[in-house]
Amino acid sequence: MIDVLLVNGVVITMDKDRRVIADGAVAIDDGRIVEVGVREIVCTGPCNPPWPHPFSRWVDGKKVTKEVTYEEVLAGAEAVIEALHHANSDRTRAYITPFVIVTSINPSAPTQADQLFGPTDFDRYQARKIREIARKYDTRIHSDAFGGMIHLAVQDKEYALLGPDVHLQHCRGISFDEAKILAETGTNVSASPGFGQINARTPITELLEMGATVAITTDGTSPMTPFDMFQAMRRMQLLQQAALRDYFYLPPGKLLEMVTIDAARCVGWDDELGSLEAGKKADVITVNMQQAHLTPETMHVQRLVYQAVGGDVNHVIVDGQLVMDQRQVLTVDEQRILTEANEEAARTIARAGLAAYMQPGKYFWGHARAYLDEGRARPLFSRD
C-alpha cells in the first residue's frame with residue numbers, strides 16, 4: 001500500500017551516493033519513504049551571568065519584573081525538555097541550550113588570546129549542570145561559541161561542552177588549534193552568512209577539510225537577515241570565497257549537503273532525516289522548476305543553489321502528510337497567524353518604545369554612509 005506517490009520529477013536524493021534521478025518518483029507509506037524533511041527543535045537553557053537575573057513579562061498590560069536564580073532557570077529548562085522532547089509524534093526534539101559554552105569572556109565575538117585566563121568556577125559549574133540535564137533526558141546540547149571559548153572549554157576534561165552530542169553555532173574567529181579541537185572531538189558546527197563573517201570568519205572550509213560536520217544556518221532575526229536557506233547558501237559561498245580569494249571553494253553540491261544531510265547530522269537526526277532514502281521519515285519538498293528564472297531545466301543542483309528562492313517551494317510533506325499544497329498551507333489558518341503576529345509585533349514595539357528607532361533617519365536616503373548622530377539611539381560607549 002502506498003499513501004503518497006510523487007512522480008515525473010527530478011529527485012535529488014542526498015543519499016550516500018548523492019543520486020540525482022531524472023524523471024524519478026518517491027513512494028511514501030505510513031509516513032516513511034518506501035522507494036527511491038519539517039521538524040521542530042526547541043532550544044531552552046540559561047543566559048549568561050550575573051545571577052540572579054531580572055526577567056520581565058507583561059501581565060494585564062503591566063510590566064512585571066522578577067529576579068530569577070540560575071537554579072530556577074535550569075528547573076524551567078528541565079520542565080520544557082520533559083514536556084516537549086519527542087513530543088508531537090517525535091516531530092519535536094528539545095535540547096538543553098546554554099547561551100554560550102563559556103560564560104566568562106565576550107559572549108558575542110572572539111576574545112583575544114591575552115584575555116583567556118582559563119575557565120572560571122562558574123564556567124565549570126555550568127558545564128557540569130548542562131551535562132547532567134543532557135544525560136538525564138538523553139538529549140543533545142546546542143550553544144553558541146566564538147574564538148577563545150573552545151580553548152577554554154576543552155580544559156574541563158570531565159564536562160566540556162564539546163563532542164558528537166554538541167552543536168555549536170557561529171564559531172567565528174576561532175583559531176586553527178580550536179578548529180582542530182572541534183574536528184577531533186566530533187563537535188558539530190553551523191554558521192550563518194552575515195557581516196560578522198567579514199570581521200571574524202568561521203573557518204568553514206578548514207573545518208570541512210579536517211573532517212568536521214558543518215551546516216549553514218540563517219540566524220535570521222531582523223529585516224536584513226532572511227530565513228530563506230536558498231539565499232543563505234549563496235551568501236555563505238560568496239563570503240567564504242571572497243575571504244579566501246578563491247572562486248572554487250564550497251561548490252554547489254557541498255552547499256546543498258550543508259542544508260540537508262549535514263544539517264541533520266549536526267542535530268543528531270541524520271538516521272531519520274536529511275535525505276530521500278527508503279526507511280527514512282517522509283519529509284519532502286517539491287520545487288517548481290517550470291519558471292523563467294529556473295529555466296532551462298538542466299543542472300538541477302546548480303539551479304536550486306544559485307537561482308531558487310524559498311517561494312519556489314510548491315509542496316511540503318511531513319511524515320508522509322501533505323502540509324502545504326501549491327503554496328497553500330493546509331494545517332493552520334496562515335492568514336490569521338500572520339495577522340496575529342503583526343498585531344503582537346506592534347504591541348511589543350509600543351511597550352518597548354522602539355517606534356523611533358524604526359523610522360528612516362536623515363542619512364537613510366541619498367547618502368553613501370549612515371551615522372547615528374540624531375539622538376534617537378543611546379550610544380554604546382559614553383565619553384563621560
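In this predicted model, the sulfur of Cys47 lies 15 Å from the closest cysteine sulfur, that of Cys43, which is too far for a bond. A disulfide is a covalent bond between the sulfur atoms of two cysteines. Cys266 is likewise in no disulfide, and the nearest cysteine sulfur, in Cys171, is 9.9 Å away. Because a pair counts as a disulfide within 2.5 Å, neither distance qualifies. The structure as a whole holds zero disulfides. The two cysteines also have their own surroundings: Cys47 is partly exposed, with a relative accessible area of 23%, whereas Cys266 is buried, at 1%.

The interior was examined next. The largest nonpolar core has 68 residues, and those that touch the most other members are Ile96, Ile101, Met149, Leu162, Leu168 and Leu182. Helix α1, residues 70-84, gives the most to this core, with five residues. Apart from the largest core lies another, of five residues, which include Tyr95, Ala264, Val267 and Leu273.

Contacts of Leu162 were listed without its neighbours within four places in sequence. They comprise Ile101, Arg131, Ile150, Ala153, Val154, Leu168, Ile181, Leu182, Thr185 and Thr187. Two of these partners, Ile181 and Leu182, are among the buried residues of helix α5, residues 176-185. The other buried residues of α5 are Glu178, Ala179 and Ala183. An α-helix has 3.6 residues a turn, so residues three or four places apart point the same way. The cover over the buried residues of α5 includes the helices α4 (149-153) and α7 (204-209), together with the strands β9 (166-172) and β10 (188-191). Just after α5, Gly186 takes a positive phi of about 75 degrees.

Ala94 is part of strand β7, residues 92-96. Its relative accessibility is 0%, so Ala94 counts as buried. Outside its neighbours within four places in sequence, Ala94 is in contact with Val42, Ile81, Leu84, His85 and Thr139. Of these, Ile81 and Leu84 fall within the range of helix α1, residues 70-84. Arg57 is 37 residues from Ala94 in sequence, and the C-alpha atoms of the two are 23 Å apart in space.

At the surface, Leu354, Tyr357 and Met358 make a nonpolar patch of about 300 Å². Leu354 is placed in the segment after α12 (334-352). A residue needs over 30% relative accessible area to belong to a patch; Leu354, at 35%, is partly exposed.

Note on methods: Residues are numbered from 1 along each chain as its sequence is written. This is a predicted model: local features need pLDDT of at least 70, side-chain atom pairs count only at pLDDT 80 or more; totals for chains, interfaces and linings use all residues. Side-chain values use heavy atoms; hydrogens and water are left out. Patches are made of residues with over 30% relative accessible area and no salt bridge: like charges are joined within 9 Å, nonpolar side chains (Val, Leu, Ile, Met, Phe, Trp, Tyr) within 5 Å. Accessible areas come from the Shrake-Rupley method with a 1.4 Å probe; for residues, only the protein chains shown count as cover. A salt bridge is a side-chain nitrogen of Lys or Arg within 4 Å of a carboxyl oxygen of Asp or Glu. Helices (H or I, at least four residues) and strands (E, at least two) are DSSP runs, numbered from the N terminus. Buried means under 20% relative accessible area, exposed over 50%, partly exposed in between (1.4 Å probe, protein chains only). A nonpolar core is a set of buried Ala, Val, Leu, Ile, Met, Phe, Trp, Tyr and Cys residues joined through side-chain atoms within 4.5 Å. Contact means heavy atoms within 4.5 Å.
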